[in-house]
Structures are given as structure tokens and as C-alpha cells.
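Welcome, and thanks for taking a look at this one with us. Here is a short tour of the open and enclosed spaces in the model and of what sits among them.

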Amino acid sequence: MGEDLAKVQQHFANFAQGHAHLPLYHRISAAAATDDEVAGLLLAARPGQARPVLLLAALHDLVLRRPDLPAARWYASVVGRETLPTGDPWPEVRTTVLDHRDELTEVIATRTTQTNEVNRTVYLTAGLTRAAAGLPDTPLALVELGASAGLLLALDRYDTALTRDDAPSTRYGDPASPVRCGGEDRSPTPLGLAIPPIVARAGLDLDPVDLHDAKAVRWLEACLWPDVAGRVERFTAAVDLVRPAPPPVVRGDLVDDLAEVVGQYADDPATHLVVYTSWSLTYVDKARRPAVAETLARLAASGRPVSWLTAEPAGCVPGIPALQAGLDDDSTVLGLRTWRHGDERTPAVLGTAHPHGERVCLTPWNRPSTDGVQEP
Ligand SMILES: C[S@@+](CC[C@H](N)C(=O)[O-])C[C@H]1O[C@@H](n2cnc3c(N)ncnc32)[C@H](O)[C@@H]1O
């Protein structure tokens with residue numbers, strides 16, 4: 001027990017060290033690193049889940065439910081960013097944690113963190129532009145694997161801007177949308193965004209989040225970090241926009257159930273099937289990952305254009321080569337595998353991105369030939 005607690009406290013210390021830019025979460029994790037009672041709550045977590053973000057999410061969920069609790073006034077998601085107090089949040093946070101230790105322990109023991117990061121449209125739009133480059137007139141059928149609540153499937157309903165110092169912003173989506181996404185384009189030359197209309201869309205997830213289930217949506221929100229300006233606000237705006245008519249997200253495994261979901265929602269051979277994974281393949285056992293491409297190869301055998309756009313950590317996606325020099329050293333690697341006229345083309349690293357879309361950097365891109373093949 002003593003050794004486990006020491007490990008948990010080391011995790012808190014590491015988190016604090018890596019997140020000095022987050023005033024609230026840095027303070028809580030730095031204090032928990034030397035507080036046996038608070039850090040000890042994480043010992044209730046399931047094997048492999050005793051991570052600081054789980055305790056931080058459980059506490060965030062508590063204050064979202066109970067804005068009257070002393071700790072709540074330190075959360076921008078509860079009181080608004082403009083009215084955040086100054087000073088030390090730890091005494092009130094600690095009191096709130098210890099007064100609600102049973103409730104928090106229950107959440108920690110039964111849940112895992114889950115997210116749906118809307119600002120990933122920054123790199124998805126860039127990646128979709130490249131996937132569709134040789135097929136500008138072919139509408140898209142989008143299938144997201146590990147779609148969570150399906151918020152990224154509504155990317156054309158948001159306003160996404162790629163900004164640069166040396167050129168005007170490039171935008172995609174609905175300029176009047178209440179959901180504003182944005183990130184810096186660090187590519188050597190400005191990226192254009194050109195995505196054919198999306199005429200079919202569906203998601204697949206082991207644990208899909210129903211946007212009409214307030215408790216489940218609150219947990220997704222609780223897993224976001226309130227210190228990051230705009231992140232919670234963007235999420236809640238997207239939930240409000242998409243909730244009346246959400247895209248279907250089927251419960252299932254992204255390897256075993258891919259073909260069935262495509263058959264059900266995205267089987268029109270006149271469309272370009274684009275399957276994408278964004279921080280989801282990494283949760284799948286390595287040995288099972290190649291089966292995604294095998295299924296896509298079968299779906300492409302008829303000659304229908306098929307693409308697999310990936311946004312995952314380096315080395316995660318089978319067939320996607322190692323990183324190329326000259327890219328930003330960011331943790332999300334954008335990859336593309338394509339099947340045209342029944343055959344797979346050479347897989348490509350498109351570039352890298354910040355995991356929440358704060359920036360994207362794509363490699364220079366030669367004009368694709370007319371059949372959508374990327375020229376070397
Ligand atoms: C970190 S979230 C990313 C969600 C979304 N793609 C995004 O970028 O915001 C990972 C998601 O993958 C799902 N997931 C993990 N393993 C899966 C599997 N084998 N099959 C289907 N979904 C899976 C999880 O339930 C979770 O919703």
C-alpha cells in the first residue's frame with residue numbers, strides 16, 4: 001500500500017511538473033503529491049487507471065454537479081473565466097475533496113477518463129483536404145472509429161480557422177457557427193482547406209456517449225481541463241449545436257465491427273469512404289491494429305475510393321512510416337493510407353499536430369495526380 005501511494009504521488013508530481021501553465025491543475029497536483037489523504041483516493045482506481053487526470057476529472061464532475069461547494073469557485077467551467085478569483089485554491093479544494101471522499105472514491109473506482117476534443121477539427125480538416133486531393137468532386141462518406149460522442153463527425157457545422165503570421169487565415173465550415181475551432185498552421189507553405197461535401201457519416205465506439213444523457217455528457221466535460229481557455233466552452237457549444245440531430249455512433253469494436261458500420265451507414269459506391277481514427281487506435285492492442293487496413297482493403301476491392309486518415313501517437317498506425325525531418329515535434333502524427341481502383345497506394349506521413357489541434361504542421365505536398373495518388 002505504502003509503495004503504491006508513493007507511486008501515485010510521483011504521478012502527481014510529474015503531472016505538476018509537466019503542466020506548470022495550468023494554474024488550478026498544477027496547484028492541485030503539486031499539493032496532492034505530498035498529501036497522503038488526497039492522493040490516496042486514487043488507490044481505489046482500477047488497475048492501470050490510477051492517474052492524476054482521473055482524480056481531477058472526478059473532482060471536476062463533483063463541482064459541475066455541486067456549484068455550491070467551496071472548490072467550485074476556482075473552476076472556470078463553473079463560474080466563468082472572467083470571474084475566477086485570485087489566490088490559493090488548495091485549502092478549499094482539499095476541504096471539498098475530503099468532505100466528499102466517499103463519492104469521489106466511488107467515481108474513481110468505477111470510471112475511466114474519456115474525451116471528445118472538438119478542436120481536433122484543426123488537423124482533421126487539414127487531413128481530409130489531403131485525403132480528398134485527387135477526388136475533389138467525389139462526396140465523402142465519413143466513418144470515425146472511436147468517435148466518443150460523435151462531435152468530430154459534425155466538423156462541417158463548426159467554424160475552423162487555420163492561422164498564420166505570414167498569410168490570411170484559411171477557414172472551413174460554417175462561418176456563423178457558435179462553435180469556433182482554431183489552431184496555428186506551421187506548415188512550410190500555407191495550407192488550403194478544400195473538402196468535398198460530407199453526404200454520409202457515422203461513428204463506432206466501445207462506449208459511445210449519448211448527447212441526450214446529461215450525466216454522460218457531464219463526465220466528458222469533467223475530463224476536460226478547465227484551465228485551458230476555450231476548451232470547455234467549445235465543447236458545451238458543440239454539444240448544444242449537435243444534440244438535436246446527432247450523427248449515429250454505434251456501440252462496437254473498431255476492428256470487429258468496422259465493415260458492418262460501413263455497410264449500414266456509408267456503403268454508397270459513388271462516395272469516397274474516409275475512415276478516420278483520432279487518438280483511438282492507440283487504445284487497441286497492437287496485434288489487432290493491422291486488421292483495420294485489411295478490412296478497408298476488402299471494402300476497396302470493388303474499386304471504390306477508400307482512405308484511412310489517422311491522427312495517433314508516433315509508431316501507432318501499422319504501415320505509416322516513421323516521422324520525417326522538418327516536422328514540428330508534436331505528439332500527434334497525421335497519416336494517410338489510400339486505396340484507389342482496388343489497390344493500396346504508398347502510405348504517407350502527412351505531418352504532425354498538437355493533440356488538441358492548437359497547431360498543425362504538414363509536409364510540403366506535390367500536386368496529386370488525377371486519380372488521387374500522392375506524387376513523391
Ligand atoms: C481519447 S478518445 C478520442 C475520441 C475522439 N476520437 C476524439 O478525437 O475526440 C478515445 C475513444 O476511443 C474509444 N475506443 C477505445 N478503444 C476502442 C475500440 N477497441 N473500439 C471502439 N472504440 C474504442 C473510447 O471509448 C473513446 O471514446
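Let us begin with enclosed space: the largest cavity in this predicted model holds about 50 Å³. The count comes to 2 cavities of 30 Å³ or more. From there we can turn to the largest pocket, which has a volume of about 1,100 Å³ and is where the ligand sits.

**The largest cavity**
- Residues lining the largest cavity include Thr310, Glu312, Pro313, Ala314 and Gly315.
- Also part of that lining are Cys316, Val317, Ile320, Val333 and Gly335.

**Domains**
- Two stretches of assignment divide the chain: domain 1 covers 2-110, while domain 2 is made up of 118-210 + 246-362.
- Between the C-alpha centres of domain 1 and domain 2 there is a distance of 33 Å.
- Both domain 1 and domain 2 contribute to the largest pocket, with at least three lining residues from each.

**The largest pocket**
- The volume of the largest pocket is about 1,100 Å³.
- Its lining comprises 37 residues, and those closest to the centre of the pocket are Thr113, Gln114, Thr115, Trp279 and Tyr283.
- Sorted by class, the lining of the largest pocket has 13 nonpolar, 14 polar and 10 charged residues.

**The ligand and its shell**
- The ligand has 19 residues around it, with Gln114, Arg120, Glu144, Gly146 and Asp205 the closest.
- In this shell, 6 residues are nonpolar, 8 are polar and 5 are charged.
- Gln114 appears in two places here: it is among the residues closest to the ligand, and also among those closest to the centre of the largest pocket.

**Polar contacts of the ligand**
- At Asp205, an N or O atom of the side chain lies 2.6 Å from an oxygen atom of the ligand.
- Gly146 takes part through its backbone, where a polar atom is 2.8 Å from a nitrogen atom of the ligand.
- Glu117 also uses a polar backbone atom, 2.8 Å from an oxygen atom of the ligand.
- With these contacts in view, here is the ligand's cover: taken alone it exposes 600 Å², and the protein buries 92% of that.

Technical notes. Residues are numbered from 1 along each chain as its sequence is written. This is a predicted model: local features need pLDDT of at least 70, side-chain atom pairs count only at pLDDT 80 or more; totals for chains, interfaces and linings use all residues. Side-chain values use heavy atoms; hydrogens and water are left out. A residue is near a molecule or strand if one of its heavy atoms lies within 4 Å of it. A polar contact is a pair of N or O atoms within 3.5 Å; within protein, one must be able to donate a hydrogen and the other to accept it, and residues adjacent in sequence count only if both atoms are side-chain atoms. Accessible areas come from the Shrake-Rupley method with a 1.4 Å probe; for residues, only the protein chains shown count as cover. On a 1 Å grid over the protein atoms alone, a cavity is a set of points where a 1.4 Å probe fits but cannot get out, and a pocket is an open set with protein on both sides within 12 Å along at least five of seven lines; lining residues have an atom within 4 Å of a point. A molecule sits in a cavity or pocket if more than half of its atoms lie within 2 Å of its grid points. Ala, Val, Leu, Ile, Met, Phe, Trp, Tyr, Cys and Pro count as nonpolar, Asp, Glu, Lys and Arg as charged, and the others, Gly among them, as polar. Grid points are joined across faces, edges and corners, and a volume is the space filled by probe spheres set on the points. Domain bounds come from an automatic or database domain assignment.
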